[in-house]
Number of protein chains: 2
Amino acid sequence: MKKFCAMVFYLIFMYLNIYAEQPIILKKQGSFFIGGKSIKIEGKYDSKKWGRPQGQTRHGDHAYVFFQIPEKSRRYPVVFLHGASQSGKSWETTPDGRDGFQNIFLRHGYSTYILDRPRCGRAGLCLYSAKVGVANVDQLCFDIFRFGLWPNYYKNVQFPTDENSLKQFFCQTTPNIGGYDKKLIADTVSKLFDKVGEGILITHSQGCESGWYTAINNRKVRAIIAIEPASGFVFPEGECPGTIISSSGFLRTSSIAKSEFVKLTRIPIIMYYGDNIPDHPTDLQGQDNWYQRLKMARLWARTINKYGGNAKVIHLPEVGIYGNTHFMFMDKNNKQIADLIFKFLKEYSLDK
Amino acid sequence: MKKFCAMVFYLIFMYLNIYAEQPIILKKQGSFFIGGKSIKIEGKYDSKKWGRPQGQTRHGDHAYVFFQIPEKSRRYPVVFLHGASQSGKSWETTPDGRDGFQNIFLRHGYSTYILDRPRCGRAGLCLYSAKVGVANVDQLCFDIFRFGLWPNYYKNVQFPTDENSLKQFFCQTTPNIGGYDKKLIADTVSKLFDKVGEGILITHSQGCESGWYTAINNRKVRAIIAIEPASGFVFPEGECPGTIISSSGFLRTSSIAKSEFVKLTRIPIIMYYGDNIPDHPTDLQGQDNWYQRLKMARLWARTINKYGGNAKVIHLPEVGIYGNTHFMFMDKNNKQIADLIFKFLKEYSLDK
């Protein structure tokens, strides 16, 4: 009887211990800017003549980086690059208040470097003036990020379906201030790798395009995990596939010299796509662009592998994971998604 | 001899222990949006008709909040509200890579809630369209933030004078996307206090104005620490002082009903101003506006205290602290500035 009681107490203790949230212990945290340029106006600055541009400079086109290093950190840090009209917030707390990838990766021992890419969020200074218009696109976003078909969520959707979460998600958009420039972003992320050393790059959506160029630029990128690459797959010259038929318009690809392209074969690349993507063209444009993109991702992986590379596309429903959206790192099963990534990193010994 | 050796080893151990940076242990960290509104366009959204605004909504005018709660936290959290053309980055790592107020306050046991105010940084969505122009004002900033008179630093300046720090600082500017709206900001910060409960408000520069209105709105603000309030001192109706003579233009004050104004007498308010502020008008406009502002702050404190309040202006050189800039929380002696604040909080038993 005594032994039995002891065992019950032990099991209760273990249960509480596992489910109590552990503190996050940081050796270091902070932020800095990386990259960027400045422009100087001709003339001489005069401290007594307020408001004249002469002789003054302006800065812009840098990225903002927030980093956290856990007390016991793994060897390779993870750099997170968000998608269009987002910021580093993408990777933080989920709209319903759970740990996002920032905390999940920290708890798993990875140092995190989270960017606001140039002309965005806390790195909002563009070298040129910009117009920030209003965009009435909340419902379109609901559709194209595959939460459902407005106003109905998909039955199996993994995005939290309460009203407040959706509001938090809509607020998360933050405008691009100045044009999108894939090369500028890639150069900036490459500079970040020069600063932090070899590491892992996790990209999302539009950010994936700059991710490919970053890995081409810089050998310090040891692996790319690309979450739902949208447009911007880069092919060797002369090998761009034709347009994939779709109701949602042209899917842009770009091309580079083969000698550059093959640099993508140096590292493992994995791409994840979520659920509710049709396997044929449809007039529901929120779904249809994903039909295009998933198909293009597969063509692209095949091209990389043809040159000896190691690129994989994981369409989650095919591995038995259902209901994921374009923002799978915020979805209710985001820990499950992170676990897939942890396994991938372990497979390539990038988890040391 | 043995005893002596043991003592020496003990002292070396203690020395290393004190000067090794301690880890930051967080019970919790995350981010969310607070406040904000949405606008809906008339009509019906159609999932098959891409790009039409009909029936769609847009969100905007919320603030972004990043929070960290140390494992052993004091009772009152600290809310940080930045100044014009800045973001929450103001309070993070200094331009030369030292702990900013974010880490200093965490290490001292305070929970921190750091805002990007509405229409700024990661909370960039304004409900209306905006033009973001370029501003060639780096040298003007150097002057008005009192780093020196461009291109020379003040001899005693506490801002780090290496080239990279200045570059990091210039990058830290991030545009206001849409007009500055003191009441919108105050309402939003007030909602944050409703969410987190009683706490301490630290404001900077332009942010100080919204700080006054936040405390008028919301009793949960238990103290205000205002770092170099710029314009926007609020007086009781009929008691606005005349313009203070200056070469740098009009210093705006505003007025409210006396019944509202006296709500500012409920809490301790402390204002800090740094060094290199002249005590008479000058044609060096970077200095002169501070002559105005410091003088106005004193008039304002006197008005609060006349109604039974408790407002203090600390001009740092008068307490023997020299060389501080408008960004004293990043200056080389920022720990000394934080210590002043910790003492102030202790004095009013807000450090429990």
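**Reading the A–B interface**

Mentor: This is a predicted model; the mean pLDDT of chain A is 93, and 94% of its residues reach 70 or more. The model scores ipTM 0.94 and pTM 0.94.

Trainee: How many residues does each chain bring to the contact?

Mentor: Start with the residue count, then go to the area. Chain A and chain B each enter the contact with 79 residues. About 6700 Å² is buried between chain B and chain A, and carbon and sulfur atoms give 50% of that area. On the chain B side, B:Trp50, B:Arg122 and B:Asn136 supply 13% of what the chain buries against chain A, more than any other three residues.

Trainee: How many salt bridges are there between chain B and chain A?

Mentor: A salt bridge counts when a side-chain nitrogen of Lys or Arg lies within 4 Å of a carboxyl oxygen of Asp or Glu. Six are found between chain B and chain A. B:Glu92 makes one with A:Arg122, with the closest N and O atoms 2.8 Å apart. The interface also has 53 residue pairs in polar contact, both residues at pLDDT 80 or more.

Trainee: Which element of chain B gives the most to the side that touches chain A?

Mentor: Strand 1 of chain B does, with 11 residues. The residues of that side of chain B divide into 33 nonpolar, 31 polar and 15 charged.

Trainee: How do strand 5 of chain A and strand 5 of chain B run, parallel or antiparallel?

Mentor: For paired strands, look at direction and then at the bridge partners. These two strands run antiparallel and are joined by three bridges. A:Lys131 has B:Lys131 as its bridge partner.

Terms used
Residues numbered from 1 in each chain as written. Chains lettered and ligands numbered in written order. Heavy atoms only, no water. pLDDT = per-residue confidence, 0-100. Contact = heavy atoms within 4.5 Å. Buried area = accessible area lost by both parts, 1.4 Å probe. Polar contact = N/O pair within 3.5 Å; in protein donor to acceptor, adjacent residues only side chain to side chain. Helix = DSSP H or I, 4+ residues; strand = E, 2+ residues; numbered from the N terminus. Nonpolar A, V, L, I, M, F, W, Y, C, P; charged D, E, K, R; others polar. Pairing = 2+ DSSP bridges.
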